[in-house]
Amino acid sequence: MTKPIDLTGRVVIVSGGGMGAGPAITLALLAAGASVAITGASSDEALETVVERARHQEDAGRILAIRADVTIEAACSAVVHEVRARFGAVNGLVNNAGIGLATEVMGRIDTGPGAFWETPAGVWRRLLDINL
């Protein structure tokens with residue numbers, strides 16, 4: 001039998017917190033007692049949906065949504081500063097922000113613009129900047 005994880009008093013940033021696995025990760029961290037800051041670059045609505053779900057769990061006081069682009073160093077620094085100002089510390093980071101070549105960058109799943117080796121350099125740069 002595993003013991004439940006107690007993250008009371010811990011503060012975690014979840015990049016890409018409004019999309020993909022982000023909402024489930026965020027809600028699990030909140031359920032374990034952590035305060036959580038979620039970031040997202042593309043959709044305030046997605047972030048607000050997660051905040052609203054946290055309200056239903058009565059965790060609204062321990063969640064902070066911040067619109068930020070993880071490819072911009074100054075934006076990442078600003079997130080850390082805002083999280084520290086709100087919660088007093090940063091104890092962990094979940095690097096959930098990410099995109100896939102076919103679905104996010106090229107906009108198609110199976111009929112992209114051609115072979116991956118024909119992908120423009122700018123598309124590869126965006127993919128690497130976000131995912132790494």
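This briefing describes the overall fold, the two largest pockets and one buried serine of a single protein chain. The model is a predicted one, and its protein chain is built from five helices and four strands. Of the 132 residues in the protein chain, 33% count as buried, and the largest pocket holds about 480 Å³ of space.

**Overall fold and surface**

- Followed along the sequence, the helices and strands of the protein chain give the pattern β-α-β-α-β-α-β-α-α.
- Among the contacts in the protein chain with a separation of 6 or more, 64% are between residues that stand 24 or more positions apart.
- The protein chain has an accessible surface of about 8,200 Å², and carbon and sulfur atoms account for 54% of that surface.

**The largest pocket**

- The lining of the largest pocket is made up of 24 residues, and those that lie nearest its centre are Met19, Ala41, Ser42, Gly98 and Ile99.
- Strand E2, which covers 35–40, helix H2, which covers 44–56, and helix H5, which covers 121–131, each contribute at least two residues to the lining of the largest pocket.
- Of these elements, H5 provides the largest share of that lining, with three residues.
- Sorted by class, the lining of the largest pocket contains 11 polar residues, nine nonpolar residues and four charged residues.

**The second largest pocket**

- The second largest pocket holds about 290 Å³ of space, and its lining consists of 17 residues, with Ser15, Val70, Cys76, Leu93 and Asn95 lying nearest its centre.
- Two or more residues of the lining of the second largest pocket come from each of strand E1 (11–15), helix H3 (73–87), strand E4 (92–95) and H5.
- In the lining of the second largest pocket, 11 residues are nonpolar, four are polar and two are charged.
- Helix H5 therefore appears in the descriptions of both pockets, since H5 gives at least two residues to the lining of the largest pocket and two or more to the lining of the second largest pocket.

**Serine 35 in strand E2**

- Serine 35 is located in strand E2, an element that also supplies at least two residues of the lining of the largest pocket.
- Serine 35 counts as buried because its relative accessibility is 14%, which falls under the 20% cut-off for that class.
- When neighbours within four places in sequence are set aside, the residues in contact with serine 35 are Arg10, Val11, Val12, Arg62 and Phe87.

Conventions. Residues numbered from 1 in each chain as written. Predicted model: local features only at pLDDT ≥ 70, side-chain atom pairs only at ≥ 80, totals over all residues. Heavy atoms only, no water. 1 Å grid on protein atoms, 1.4 Å probe; cavity = no way out; pocket = protein on both sides within 12 Å on 5 of 7 lines; lining within 4 Å. Points joined across faces, edges and corners; volume = space filled by probe spheres on them. Nonpolar A, V, L, I, M, F, W, Y, C, P; charged D, E, K, R; others polar. Buried < 20%, exposed > 50% of the residue type's maximum accessible area, 1.4 Å probe, protein only. Contact = heavy atoms within 4.5 Å. Areas by Shrake-Rupley, 256 points an atom, 1.4 Å probe, with all protein chains shown as cover.
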